[in-house]
Every structure is written in C-alpha cells, then in structure tokens.
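Student: I have a model to go through. Can we take the salt bridges, then a helix pair?

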Amino acid sequence: MTTPPSAPPADLGMKRAVSRWEIVGFSINDVIGSGVYLLPAAAAANLGSASVGAIVLAGLGVFLLVLCFAEAASYFDRPGSAYVYTREAFGDLVGFEVGWMTWLARVSSVASLSAGFARALAYLLPQVNDGVGRGLAIALPLLLLTAINVVGVKSGARTAVFLAITKTVPLLLFIGVGLFAMSWEQATSVVPKADGSLGAAVLLLLFAYAGFENTAAPAGEFKNPKRDVPFALVVQIGVVTFIYTAVQWVALGTLPGVVVAKTPLADAAARFLGGWGGLLMTVGAVLSILGTNSNTVLAGPRYLYALARDGFGPAPLASLHPRFRTPTVAILTQTAIALPLAFSGSFEVLATLSVVARLATYFGTAMAIPVLRRKLPQQPGAFRIPGGPVVPIAAASLCVVFALSAQPRNLIAGAIALVVGGALYALRSPARTAAPE
C-alpha cells in the first residue's frame, strides 16, 4: 500500500522516534493477546467446524473498520487516535466522550491484564497463585513496563516489538508442525455445544481482532504517522487473520474435545509436540498477556495526554518529561489507578464497559470519515478508501450488528459511563493547546 508524500509532522515537543516496522510490531502486539490461546475452544463451542470460516469472515469485516482507521490516521500526526478523529469531525462533546470511554477501557485493561498475568504465571510458578507472590506478580511487571515507557517511547516500542515476536513464534511453530499432524476429518467434523450462542460468537470474534484502534494513540511520537500508521494497520489485519485462521484449523484437527478444552493450544501442542510443546504454548500465553499489557501501558496515557492538552483534564497530564519527552504524569497516573484495581479485582466492573467503549470508538471513526473528507479535502499523504462512502457505511452498520449482540449489562454500563463523561465534560476547563516544551 502506498500513499502520497506527507507533510512534515507537527512539532509537539515529543520525540518522533518510532519507525514504520516498529509501528507494525506495536499494532500486531496489541491485537494478538492471550485470547488466541483460548479462541479455538470458545469459537468451536459456538460454531463448531464453521468457526474457521467465521474467523476469516470476521477478519474481512474488521478490515472495513481497519480501513476507516487507516484513512482517519492519514489526516493527523498527533496523539489520541479516535478521540482526535471524532473531535475534528463532530466537535468537542463527541470527541471527549469517545476519548473518555476509550481511556476507561484502557485502564481496566491494564488492571485485568496485570491480574491475568499473575494467574497465567501460576501455571508455571505455583508460588504466585496467592498472597505475596501474587502481589509481586501483579505489581512488578506493571511497574517495569511503566518505567520502560517513562524512559522513552522508543524503549516502549522496542519492548512491544520484542514481545510481539516472542508471542508470535510459538503460534507459528504450532501452525507449522500442526498442519502435518492434523486430521482433516477431525477438523471438519467438530460440532458446536448445544448451548452455543451466535450472539456470543459474534462478540467473541470481534474482540479477538480488537486493539488495532490504539495503533495511532502515540502518533505524536511516530516518525511519519500519516504514512506509516495506515501501512501498519493493513499489514496487521492480514497477519492476524492468517494466524487466527491457521491456529483454529490446526486446533480443530489435532485436539478431539477441543470444544470443552480449558487450554486448547497447550493441550493440542502436547499431543503432537510432546510435553515441551504444551509448556511452550503456556509460556506463549503468559508472554501474550505481558505483550498486550506493554502496549496498553504505552497507548493508554496518550489518550489522557491528548484530552488534557485540549483542556479536558488537569494541566499536568498534558506535560512532557523535560529529558525523555514522554507524558510521564499521564503514564504514572494510569498505573496508579490500574494497580489497586488489579489487586482488588474491581476492574471487572469497568471491564463491562469495554464492549460499548470499543463500539463507540469504531462507530465514531467510521462515521467521521465522510465528514473528515469534506473538512480536510487537501490533506497531503491522506490514504483514501476506494468506493466513496460504501466502506464507512458498511463499517458503521457492522458496529450496529455488534451492539445488538451485546449483553444488556454491557450496554447499561456503557450508558452510565457516557452520562458520567457528559458530567465531566460540563466541568471542563477552557480549551488549551499545549505549546512544545
């Protein structure tokens, strides 16, 4: 994919240090999480052998959303992703609500991933199952990731790329060996559970591909975000769709009883690779959680920074470290909120917002594309989706389908969060734009 030459990035006072392929790694790292290690069982339980085709169709559907984010990202070189896109298109209130909801999903994600890392690590080290061991397994990785991202976006991006590689290699090995060990008859004869839900399957597949929306959150620190973010998004959806489809196919064809397996990839790998294969996939799952959390620790504070920069939060959140040029206060604030949530388990309440938060992000960005085309028609370097309004309308319609599949408690939690966001918006300070420091 090519785009016209883009204008030099605006000087926001941040260090533009992240290259194109680092952005690709960052994007893949955010999407491929621990869910892929559980996806085969959950998808098979709802759809049986049809789950392979459903994963491909879901990838094509999410590709419509990815295209919308790719075009929107090509207009801007500042942090904030969907918050920036929707604010430019629809004004402060809509932009703030999208930014607020997106950040709520990020902070609950940090908490849940930190707790999930401790739980997954307990499979390898029983000492971290409870007590002080569990506390250290939650706190130390999160504090380390926080420190890495305070020191600089380059170190954070390189950490994300390293973790993306460590989580992807076990999956590629699983695919490469499993294709020769699988039974084609077994792969095509798996039937779903009697209580399988089509609505649950729809949301399951959506969230398997979720995370791409955060790729442009640190755009203010990318070398050429208008060109490189669209490229990274398109590469990412292709890579992820291939891996998800192949993993599902191999799991169905190598693991009888995949529908009820609690650790389907580890169980399947143990069958055709031996005990070390199961251990490798368990380690891969642990690293996947850590990798996704690494991205969230990097991306989440950029939403806080962007909101505060525009007057929707305390001014210190919009400040940059004098040496590292990272939004240090925003990074530390997010960790300070997420850490006690991870210890308490109350993040699960916030996690119910994730469905509505993501759908608000997706729907808002899709609807923003026609408006941005009218407002910013001459943007240099803008990637234009072919087909006029067809793709944005189809992407927005897809969001409606996803919303209809959500549980009432998700929609209620989202509605409450939107009301709270409206109240916070009413209390906002006068808009400001931080000058480069």
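Tutor: Note that this is a predicted model. We start with a burial call.

Student: Is Asp228 buried or exposed?

Tutor: Buried means under 20% relative accessible area. Asp228 has a relative accessibility of 1%. Asp228 therefore counts as buried.

Student: Which side chain meets Asp228 in a salt bridge at 3.0 Å, N to O?

Tutor: Asp228 lies in helix α10, and its partner lies in helix α1 (residues 20–31). The two are 208 residues apart. The partner is partly exposed, with a relative accessible area of 22%. It is Arg20.

Student: Which residues do salt bridges with shared partners join into one network?

Tutor: Arg20 and Asp228 pair through their side chains. Shared partners bring in Arg227 as well. The network is Arg20, Arg227 and Asp228.

Student: How far apart in sequence are the parts that Arg87 and Asp310 tie together?

Tutor: Arg87 forms a salt bridge with Asp310, with the closest N and O atoms 3.2 Å apart. Arg87 lies in helix α4 (residues 82–90), and Asp310 lies in the loop between α12 (275–309) and α13 (328–344). So the pair ties together parts that are 223 residues apart.

Student: Now the helices. What is the orientation of α7 and α10 to each other?

Tutor: The axes of α7 (residues 153–181) and α10 (residues 225–254) come within 9 Å. They cross at roughly 45 degrees. That angle makes α7 and α10 oblique.

Student: How many nonpolar residues does the contact of α7 with α10 have?

Tutor: Leu171 and Phe174 are among the α7 residues that meet α10, whose side includes Ile243 and Trp249. By class, the contact has no charged residues and 3 polar ones. The nonpolar count is 12.

Notes:
Residues numbered from 1 in each chain as written. Predicted model: local features only at pLDDT ≥ 70, side-chain atom pairs only at ≥ 80, totals over all residues. Heavy atoms only, no water. Axes fitted to C-alpha atoms, helices over the stretch in contact; angles between N-to-C directions. Helix = DSSP H or I, 4+ residues; strand = E, 2+ residues; numbered from the N terminus. Parallel < 35°, antiparallel > 145°, perpendicular 65-115°, else oblique. Contact = heavy atoms within 4.5 Å. Nonpolar A, V, L, I, M, F, W, Y, C, P; charged D, E, K, R; others polar. Salt bridge = Lys/Arg side-chain N within 4 Å of Asp/Glu carboxyl O. Buried < 20%, exposed > 50% of the residue type's maximum accessible area, 1.4 Å probe, protein only.
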